[in-house]
Amino acid sequence: MNFPNPLNTFARRTPLVSALLALGAFLYPLSGVAATAAATLPTTPVGQLGAQLIRHINTDSPAQMQRWVPSVLSAAVPQDDKADFVANLGSAARDSGGVDLFDVRTDPHQPGLLEIVVKARRTGQLGLFFISADPAQPSQLAQAHLVPMDNPALYADWPQKAVSHTELARLIHSTLDRLVRTEDFSGCVTVTDHAQTLFDECRGHADRRFSVPIDQQTVFHIGSIGKTFTAVAIAQLVEAGKLSWDSTVAQLVPEYPDHDAAKKITVWQLLHNTSGLGDIIVPEYFGNREHFIDPVDYLDLIARQPKVSEPGKEWNYSNAGFMLLGRIVENVSHEDYDGYIQRHVFAPAGMHASGFDRLDEITSKLSVGYYHDGMFSSTWKMDWSKIQFKGGPAGGGYSNNADLLRFADALRNGRLVKPATLAKMFADEVPAGPGGEAAGFGDRLSHGSPIRGHGGGIEGTTADLLMVWNADAAVSMTSNEGQSQTWMLAENIADLLAAEVEKPTKTQ
């Protein structure tokens with residue numbers, strides 16, 4: 001992925017995408033990002049606002065917090081962001097037992113932003129504030145996010161250089177055990193190198209109600225990892241001469257209601273999240289989930305959402321764009337989206353445990369998804385009221401680690417698209433975080449090796465698929481909990497696999 005996979009999630013765009021860029025300053029140190037020496041807040045307007053947030057968490061009741069927070073949010077904060085921020089601050093007041101300042105950082109690449117980490121006194125859970133003051137009204141916040149964060153100490157003992165496969169397996173095993181103790185982790189991690197399995201372990205429960213353990217046959221919802229399937233389908237159709245990278249939505253989806261935008265938006269822009277389209281995971285969607293089954297069902301909803309930029313101008317993560325790509329697959333191939341992916345992606349890759357389920361269907365071995373009902377809560381809830389009714393082109397399907405690694409191997413070895421097509425997909429990447437956004441994939445460098453893949457995160461799901469390109473290695477992590485930061489485990493594993501390329505000989 002570009003910068004860690006949660007930039008690419010099937011989830012509401014509200015705080016996750018932008019705030020996780022800030023999270024990189026703590027878990028993936030970036031050049032030029034400064035940390036305060038003793039975790040003190042600056043005496044700037046945004047620093048004073050940060051101090052107010054902490055003070056109110058420590059003194060207010062949840063009801064008082066929910067009344068106060070809107071008063072410090074400027075009109076520049078989108079409504080969905082406001083709702084999330086108010087809810088998270090209410091949870092902090094209810095569940096944290098008070099918070100203490102843990103870390104403070106600024107980033108010259110994002111002037112005006114302040115990144116504040118607080119630690120809950122009751123649970124030790126970390127939360128990351130990502131805030132900026134409104135220049136016109138410095139007493140109010142123009143950006144306001146609060147997201148959960150893993151303690152950086154979790155990976156403090158991980159080496160920065162390559163290790164033997166035995167040592168890598170020991171590190172992963174011990175970290176999984178720690179995640180079980182500290183985060184109640186539930187899921188699987190699998191690592192391969194040159195098609196040989198180096199590590200394959202699971203923890204936790206597929207269904208907490210009946211204490212059903214997770215094993216290697218358990219399948220998980222995988223969030224936006226499914227976007228890679230859509231990207232491959234588009235690439236196959238380009239290879240077949242049925243469309244081009246520069247074809248427009250108007251040419252391929254004439255039924256799309258916004259004709260003016262359709263004339264400007266290209267397939268290439270949709271694949272790179274530069275179409276300027278907004279989101280589909282909005283209140284209107286959740287009020288009528290059962291009516292959104294196939295890509296065509298989303299067209300009116302997409303057309304009604306506010307644009308976030310002009311087509312081709314800037315990167316803005318868009319589930320809507322990939323739903324449109326799914327409709328393009330249907331119109332061009334004359335097959336339904338699910339059927340096309342099953343026949344042309346899953347089958348040639350040997351993926352027999354993957355698919356797209358509906359919320360009202362019984363899917364064999366599918367784990368139940370769980371999420372915490374607040375930022376600092378330890379209470380698990382089932383995700384059925386929070387997720388999409390049916391998975392599709394933007395994500396939300398199901399798979400397991402074995403199938404995801406089969407997909408990675410098939411992609412790398414030319415069984416899904418030709419090498420020249422694959423090279424085109426990773427050409428002319430759009431900057432996103434410290435890496436780039438390729439055509440449906442993220443891409444970041446580690447130890448000189450591209451790490452390519454995608455992540456997925458929504459309530460009940462945290463997943464990551466990473467291909468360490470120069471090492472011919474891959475790692476997949478699936479979990480029926482989310483959103484969480486346990487994807488960082490997969491990213492750290494990928495870094496150590498990439499470091500192997502730099503070794504003169506490989507230590508087994």
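This is a short walk through a predicted model, from its confidence to its salt bridges, a cavity and two single residues.

Let's start with how far to trust it. The mean pLDDT of the protein is 90. Of its residues, 91% reach 70 or more. Two stretches need care. Over residues 1-37 the pLDDT is below 50. That stretch still has 154 contacts in the model beyond near neighbours in sequence. Residues 504-508 also have a pLDDT below 50. Here the contacts beyond near neighbours number eight. Where pLDDT is low, predicted coordinates should not be read in detail. Please keep that in mind when you look at those two parts.

Now the charged pairs. How many salt bridges does the structure hold? The count is 24. I will pick out a few.

Take aspartate 177 and arginine 203. They form a salt bridge, and their closest N and O atoms are 2.9 Å apart. Where do the two partners sit? Aspartate 177 is in helix H5, residues 165-183. Arginine 203 is in strand E7, residues 196-203. The two are 26 residues apart, and the pair links distant parts of the chain. Are they buried or exposed? Aspartate 177 has a relative accessible area of 26%, so it counts as partly exposed. Arginine 203 is at 13%, so that one counts as buried.

Next, arginine 209 and aspartate 207. Their side chains meet in a salt bridge, at 2.8 Å from N to O. Arginine 209 is partly exposed, with a relative accessible area of 46%. Aspartate 207 is at 12%, and counts as buried. Again, a partly exposed residue is paired with a buried one.

A further pair is glutamate 335 with arginine 343. The closest N and O atoms of this salt bridge are 2.9 Å apart. Arginine 343 counts as partly exposed, at 48% relative accessibility.

Salt bridges can also join up. Which residues are linked in a network? They are Arg94, Asp95 and Asp373.

On to empty space. Rolling a probe the size of a water molecule over the atoms shows where empty space is left. The structure holds two cavities of 30 Å³ or more. I will look at the second largest cavity. About 30 Å³ of space lies inside it. Which residues line it? From the 220s come Phe220 and His221. Ser367, Val368 and Gly369 join them. Then there are Gly460 and Thr461, and finally Ser479 and Asn480. What is the character of this lining? Two of its residues are nonpolar and seven are polar. No charged residue takes part in the lining.

Two single residues to finish.

The first is serine 449. You will find serine 449 in strand E17, residues 449-458. Its relative accessibility is 0%, so serine 449 counts as buried. What does serine 449 touch, leaving aside neighbours within four places in sequence? Its contacts are Arg444, Val468, Trp469, Asn470, Ala471 and Ala498.

The second is valine 163. Valine 163 lies in the loop between strand E5, residues 137-149, and H5. H5 is the helix that holds aspartate 177. At 14% relative accessibility, valine 163 is buried, because the cut-off is under 20%. How far is valine 163 from alanine 231? In sequence they are 68 residues apart. In space they are 34 Å apart, C-alpha to C-alpha.

That's the tour. Thank you.

Definitions and conventions. Residues are numbered from 1 along each chain as its sequence is written. This is a predicted model: local features need pLDDT of at least 70, side-chain atom pairs count only at pLDDT 80 or more; totals for chains, interfaces and linings use all residues. Side-chain values use heavy atoms; hydrogens and water are left out. A salt bridge is a side-chain nitrogen of Lys or Arg within 4 Å of a carboxyl oxygen of Asp or Glu. Helices (H or I, at least four residues) and strands (E, at least two) are DSSP runs, numbered from the N terminus. Buried means under 20% relative accessible area, exposed over 50%, partly exposed in between (1.4 Å probe, protein chains only). pLDDT is the predictor's confidence in each residue, from 0 to 100. Contact means heavy atoms within 4.5 Å. On a 1 Å grid over the protein atoms alone, a cavity is a set of points where a 1.4 Å probe fits but cannot get out, and a pocket is an open set with protein on both sides within 12 Å along at least five of seven lines; lining residues have an atom within 4 Å of a point. Grid points are joined across faces, edges and corners, and a volume is the space filled by probe spheres set on the points. Ala, Val, Leu, Ile, Met, Phe, Trp, Tyr, Cys and Pro count as nonpolar, Asp, Glu, Lys and Arg as charged, and the others, Gly among them, as polar.
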